[in-house]
Amino acid sequence: MEPRLYQLSTRENSSFGGNDIEMPKVSRCSVSQCSYNENESCHASAITVGDKPDESRCDTFVQSDINGGFKKTVAGVGACKASDCRFNERLECVSPNIQVGVQDGNSTCLTFTMR
Ligand code: SF4
């Protein structure tokens, strides 16, 4: 059986930047309690923002005895459910990068900007 190839181009029609937008990077995360965090850097491959629609919390936050991710990995934003954010298109983040930190006791996307 022939392997199938899938094209991953969910952000190609973004009004923020045209075709082939890269996955936004998590340029800084200060949530040191998270298992993916080391030295204010997130090492998950990709995070999801918004544990519920229209919230800007990091849904990938986890506390564990395991050190999450790989040191050379800089996390990207795989998906974002915060549809009230001006950087959100079709439940995808189109900001070039984001910062995550603690706000009101929760790990939160600090780049969130209300439309
Ligand atoms: S900047 Fe907005 S769209 Fe991007 S991850 Fe943060 S809340 Fe989601």
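Ala82 sits in the loop between S5 and S6 of this predicted model. Being in a loop does not leave Ala82 out in the open here: Ala82 counts as buried because 22 C-beta neighbours fall inside 10 Å, and the cut-off for burial is 20 or more. Arg57 lies 25 residues away from Ala82 along the chain, yet their C-alpha atoms are separated by 8.6 Å.

Arg57 turns up again with Gln103. These two are 46 residues apart along the chain, and 9.0 Å separates their C-alpha atoms. Gln103 belongs to strand S8, which covers residues 97–103. Gln103 has 13 C-beta neighbours inside 10 Å, so it counts as partly exposed. Setting aside residues up to four places away in sequence, Gln103 touches Thr108 and Leu110.

Now for the chain as a whole. Its secondary structure amounts to nine strands and zero helices, and reading along the sequence gives the pattern β-β-β-β-β-β-β-β-β. The chain has 115 residues, of which buried ones make up 30%. As for contacts with a separation of 6 or more, 66% of them are between residues 24 or more positions apart. On confidence, the mean pLDDT of the chain is 86, with 80% of residues at 70 or more. Residues 4–15 need some caution, as pLDDT is below 50 over that stretch. Beyond near neighbours in sequence, residues 4–15 make nine contacts in the model.

What does the largest nonpolar core look like? It has 21 residues, and those with the most contacts inside it are Val26, Cys42, Ile47, Val49, Val77, Val100 and Cys109. At least two residues of this core come from each of strand S1 (25–29), strand S4 (46–49), strand S5 (76–80) and S8. In soluble globular proteins, nonpolar side chains tend to be buried together.

Two of those core residues are worth a closer look. Val77 touches Met23, Pro24, Val26, Ala46, Ile47, Val49, Cys93 and Ile98, leaving out residues up to four places away in sequence. Val100, found in strand S8, is buried because 29 other C-beta atoms lie within 10 Å. With residues up to four places away again left out, the contacts of Val100 are Val26, Cys29, Val31, Cys42, Cys58, Ser107, Thr108, Cys109 and Leu110. Val26 is thus on the contact lists of both Val77 and Val100. Val100 and Leu110 are ten residues apart in sequence, with 5.3 Å between their C-alpha atoms.

The pairing of S8 with strand S9 (residues 106–109) ties in with this. The two strands pair in the antiparallel sense over four bridges, and Cys109 in S9 is the bridge partner of Val100. Two residues lie between the strands of this hairpin, where Asp104 takes a positive phi near 55°.

Which other residues share that backbone feature? Glu40 has a positive phi of about 60° although it is not a glycine, and Leu91, also not a glycine, has one of about 65°. Most residues other than glycine have a negative phi. Glu40 is placed in the loop between strand S2 (37–38) and strand S3 (41–42). Leu91 is in the loop between strand S6 (88–89) and strand S7 (92–93). Glu40 counts as partly exposed, because it has 14 C-beta neighbours inside 10 Å. Leu91 is likewise partly exposed, with 14 other C-beta atoms within 10 Å.

Gly68 lies in another loop, the one between S4 and S5. With 19 other C-beta atoms within 10 Å, Gly68 is partly exposed, because burial takes 20 or more. Its contacts, leaving aside neighbours within four places in sequence, are Ser35, Tyr36, His43, Ala44 and Val62. Cys34 is 34 residues from Gly68 along the chain, and 8.6 Å separates their C-alpha atoms.

That leaves the ligand. Which residues come nearest to it? Of the 14 around the ligand, they are Cys80, Cys85, Asn88, Cys93 and Cys109. The shell divides into ten nonpolar residues, four polar and no charged. Two of the nearest residues have already appeared: Cys93 as a contact of Val77, and Cys109 as the bridge partner of Val100.

Terms used:
Residues numbered from 1 in each chain as written. Near = placed C-beta within 6 Å. Nonpolar A, V, L, I, M, F, W, Y, C, P; charged D, E, K, R; others polar. Buried ≥ 20, exposed ≤ 12 C-beta atoms within 10 Å, placed from the backbone. Contact = placed C-beta atoms within 7 Å. pLDDT = per-residue confidence, 0-100. Core = buried A, V, L, I, M, F, W, Y, C linked by C-beta atoms within 7 Å. Pairing = 2+ DSSP bridges.
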